[in-house]
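Open the model in your viewer and keep the selection tool at hand. The stops below say what to select next and what is there.

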Amino acid sequence: MAQICKKSWIQLAVGTVGMMLMGIAYAWSLFVTPLETALEWNRSQTSLVFTLSMIFNAMGAVLSGALSKRFSHKVMLSASAALFGIGFFCSSLIHTPGQLNISYRVFVGLATGIGYNTITYTVNSWFEGRIGMSSGMLFMGFGSGSFLFAGLINLLEERTGWIGTFRILAVIMFLALALVTSLLFILEKEEKTASTVSDRDCSTPEMLKKSGFWSYYIWAVFIWAIGLSIIGNTAVFLTSIGGGRFAVLATGVVSVTNGLCRVLMGRFYDRMGSRPTIFAVSMAMTASTLLFQLAFRMNSIPLVMGALFLGAIGCGGIAPTNSAFIRDCFGKRYYASNLGMLGTFGMFSSLAGSFVVGRLFAMSGNYRIAMIPLLVYAAIAMCEQWMIPSQRKKIAKQSAFQTRSGAA
């Protein structure tokens with residue numbers, strides 16, 4: 001395993017802070033009630049804002065990867081800082097849902113995707129052989145951002161209202177991410193080494209022709225659909241069976257477990273490889289969906305808590321596995337664009353997960369029925385995972401064949 005220098009750890013620390021800042025975008029729920037009260041909107045007018053912002057998040061990641069060869073990482077992250085500032089400031093000027101769509105969905109969504117992808121592939125370039133660990137640290141920071149800054153946002157809303165809060169966040173995000181950009185890329189400029197080209201490097205068009213990529217993509221869509229359904233409904237699951245008094249505790253446990261497991265599962269990937277990690281994530285998610293069915297049938301609060309815990313473990317393994325798998329199987333030369341393309345699976349996961357579960361619950365009033373699709377998703381993911389290692393071996397064999405052919 002490659003030796004990691006001191007400045008690499010500084011790079012990781014700076015990147016993690018940047019990810020924490022961008023995690024504020026996931027604190028959307030804290031703005032819903034103030035906006036509905038002040039502007040006399042209803043829940044149907046605000047419910048799709050976060051979901052659609054995730055679509056632009058994915059688009060931002062793809063855009064970041066596509067432009068990474070033309071523009072420096074510093075330019076891309078500076079663009080993210082500017083978009084965050086514009087998005088939050090414009091959100092303070094809104095009067096209609098359509099205006100909010102542009103300010104939060106488009107600007108903040110694109111800013112999150114561009115910044116997330118840029119920091120990920122930049123910091124990971126410093127951690128050859130330990131991408132799982134570095135990815136886990138970055139994504140733990142990203143996932144904890146909304147939790148860490150929730151108190152600040154609530155305080156600002158009490159003191160300045162939602163308008164002042166958006167404007168203060170605009171200034172904070174722009175200046176803080178500008179500082180992160182300067183620290184992150186000064187270090188990279190000092191220590192950057194020439195990249196070697198590997199025979200297994202695949203451009204994004206080449207990657208899209210690999211069945212191994214699509215096997216992983218399908219697996220990720222359904223696994224993350226389960227994860228979004230669990231994370232997004234932690235409190236309501238307990239409330240539906242009379243456990244509302246445990247909702248805050250459960251939310252905290254899920255958040256902490258999810259964050260810690262991003263680091264632990266990243267380390268696990270570095271030591272054990274993709275196949276055991278993907279299997280562990282699949283098993284945790286499958287066990288969670290089965291336990292949910294039993295919990296709702298028995299109306300058991302402890303079983304719901306257990307299912308949430310297992311789901312949080314599985315969720316924690318998804319992000320670092322995505323990042324490490326793409327680098328591991330398709331090389332580092334096109335890592336930025338390949339990682340951005342993989343990130344589009346989140347759009348389909350959000351529709352297949354929380355949207356489907358929400359609609360079924362609205363129709364049936366029963367979460368045991370609403371979560372039946374998650375059993376199907378788990379079964380598909382468990383079957384699809386076995387295709388991923390075999391395709392990975394196939395890619396390695398193809399690379400070895402190309403090496404022998406070149407030598408000949």
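Start by selecting Tyr217, which lies in helix H9 (residues 211-231); helices here are DSSP runs of H or I with at least four residues, strands are E runs of at least two, and both are numbered from the N terminus. This is a predicted model, in which local features need pLDDT of at least 70, side-chain atom pairs count only at pLDDT 80 or more, and totals for chains, interfaces and linings use all residues. Residues are numbered from 1 along each chain as its sequence is written, and side-chain values use heavy atoms, with hydrogens and water left out.

Tyr217 has a relative accessible area of 8% and is therefore buried (buried means under 20%, exposed over 50%, partly exposed in between, with a 1.4 Å probe and protein chains only). Now add Glu384 to the selection: its C-alpha is 9.6 Å from that of Tyr217, although 167 residues separate the two along the chain.

Next, go to helix H12 (residues 274-298) and pick Gln293. Gln293 counts as buried because its relative accessibility is 13%. A polar atom of the Gln293 side chain lies 2.9 Å from the backbone oxygen of Arg368. A polar contact is a pair of N or O atoms within 3.5 Å; within protein, one must be able to donate a hydrogen and the other to accept it, and residues adjacent in sequence count only if both atoms are side-chain atoms.

Move on to Asn299, in the loop between H12 and H13. Asn299 is not a glycine, yet its phi is positive, near 55 degrees. With 48% relative accessibility, Asn299 counts as partly exposed.

Select Ser300, which caps the N-terminal end of H13: one of its side-chain oxygens is 3.3 Å from the backbone nitrogen of Leu303. Then select the whole of H13 (residues 301-330), whose 30 residues reach 44 Å from first C-alpha to last, close to the 44 Å expected at 1.5 Å a residue; the expected span is 1.5 Å times one less than the number of residues. Where does H13 bend? Centre on Thr321, where the bend is about 30 degrees, taken as the angle between axes fitted to the seven residues ending there and the seven starting there. H13 is largely enclosed by the rest of the structure, because 22 of its 30 residues are buried. Just after H13 comes Gly331, with a positive phi of about 85 degrees.

Helix H14 (residues 335-342) is mostly covered, with seven of its eight residues buried. Among them are Tyr335, Asn338 and Leu342.

Then take helix H15 (residues 345-364): its 20 residues should span 28 Å at 1.5 Å a residue, and its end C-alpha atoms are 28 Å apart, which agrees. Zoom in on Phe355, the centre of a kink of about 30 degrees. The buried residues of H15 include Phe345, Gly353 and Val357. Gly365, just after H15, takes a positive phi of about 70 degrees.

For the last stop in this part, select Ile372 in helix H17 (residues 372-384). Ile372 is partly exposed, its relative accessible area being 40%. Thr289 is 83 residues away from Ile372 in sequence, while their C-alpha atoms are 8.5 Å apart in space.

Finish in helix H7 (residues 150-191) with Ile172, which is partly exposed at 32% relative accessible area.
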